[in-house]
Amino acid sequence: MAFTFFGLFSAKGYKDLTVNEFEAMLKQDETVQLLDVRTPEEFAEYHLAGAINIDWYGEGFAAHVQAQLDKARPVMVYCRSGRRSAAAAKVLDGLGFTTYNLKGGILAWTDAGKKVTK
């Protein structure tokens with residue numbers, strides 16, 4: 001069993017976080033890697049500050065992840081509504097990353113009045 005900042009991981013291997021939990025972890029853990037899995041066009045419109053973009057729909061998603069992210073550091077992943085990022089989180093978990101998914105995606109983030117950047 002793996003323990004995390006917010007308790008036990010579920011059987012799915014990654015942990016879904018609410019907007020407030022996601023924000024708190026971003027603020028408290030300077031080692032996290034923030035991953036936006038939306039398309040480059042969506043990313044260019046707006047994204048969370050400090051995020052890197054690896055398109056879930058792009059060719060070679062897993063290879064790009066392994067080349068750009070550090071398995072020793074947790075990954076916090078989001079997309080538009082949480083569906084793509086949940087799928088990506090499952091892949092990341094399978095690759096050996098400690099992964100957290102933003103429940104509701106960036107839509108939930110902006111609905112909660114949280115900041116985004118361009």
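1. In what sense, and over how many bridges, do strand 3 and strand 7 pair? In this predicted model, the two strands pair in the parallel sense, and 3 bridges join them. Within this pairing, Asp16 has Asn101 of strand 7 as its bridge partner.

2. The pairing of strand 3 with strand 7 belongs to an open sheet of 5 strands, whose order is 3-7-6-4-5 and whose pairing is parallel. Strand 3 and strand 5 (52-53) are the edge strands, each of them pairing on one side only. Helix 4 (residues 83-94) packs on the sheet, where it touches strand 4, strand 6 and strand 7, and the direction of helix 4 makes about 180 degrees with that of strand 7.

3. Strand 6 deserves a closer reading, as it can be followed to the strands on either side in the sheet order 3-7-6-4-5. Strand 4 and strand 6 run parallel and are joined by 4 bridges, with Gln33 standing opposite Val75 of strand 6. Strand 6 also pairs with strand 7 in the parallel sense, over 3 bridges, and there the bridge partner of Val75 is Thr99 in strand 7. As for the side chains of strand 6, Val75 and Val77 point one way while Met76 and Tyr78 point the other way, and all of these residues are buried.

4. Helix 1 (residues 19-28) has a buried set made up of Val19, Phe22, Glu23 and Met25. These residues cover an arc of only 165 degrees around the axis, which means that they lie on the same side of helix 1. Asn20, Lys27 and Gln28, by contrast, are exposed on the other side of the helix. The partners against which the buried residues of helix 1 pack are strand 3 (15-17), strand 4 (33-36), strand 6 (75-78), strand 7 (99-102) and helix 5 (105-111).

5. A search of the whole structure for aromatic pairs finds 2 of them. One is formed by Phe22 and Trp109 and is edge-to-face, with 6.2 Å from centre to centre and 80 degrees between the planes. Because Phe22 lies in helix 1 and Trp109 in helix 5, the pair ties together parts that are 87 residues apart in sequence. Phe22 and Trp109 are both buried.

6. For Trp56 and Phe61, the ring centres are 4.9 Å apart and the planes stand at 75 degrees, so this pair is edge-to-face. The burial of the two residues can be stated separately: Trp56 is partly exposed, because its relative accessible area is 24%, whereas Phe61 is buried, with a relative accessible area of 7%. The cut-off that this reasoning needs is that buried means under 20% relative accessible area.

7. A further arrangement involving a ring concerns Arg38, which lies over the face of Tyr46 at 5.4 Å from the ring centre.

8. For the chain as a whole, the count is 5 helices and 7 strands, and reading along the sequence gives the pattern β-β-β-α-β-α-β-α-β-α-β-α. Buried residues account for 42% of the 118 residues in the chain. Where contacts between residues at least 6 apart in sequence are considered, 62% of them join residues at least 24 apart.

Conventions:
Residues numbered from 1 in each chain as written. Predicted model: local features only at pLDDT ≥ 70, side-chain atom pairs only at ≥ 80, totals over all residues. Heavy atoms only, no water. Buried < 20%, exposed > 50% of the residue type's maximum accessible area, 1.4 Å probe, protein only. Arc of directions from axis to C-beta. Contact = heavy atoms within 4.5 Å. Phe/Tyr/Trp six-rings, centres within 6.5 Å; stacked < 30°, edge-to-face > 60°. Lys NZ or Arg CZ within 6 Å of the ring centre and 35° of its normal. Pairing = 2+ DSSP bridges. Axes fitted to C-alpha atoms, helices over the stretch in contact; angles between N-to-C directions.
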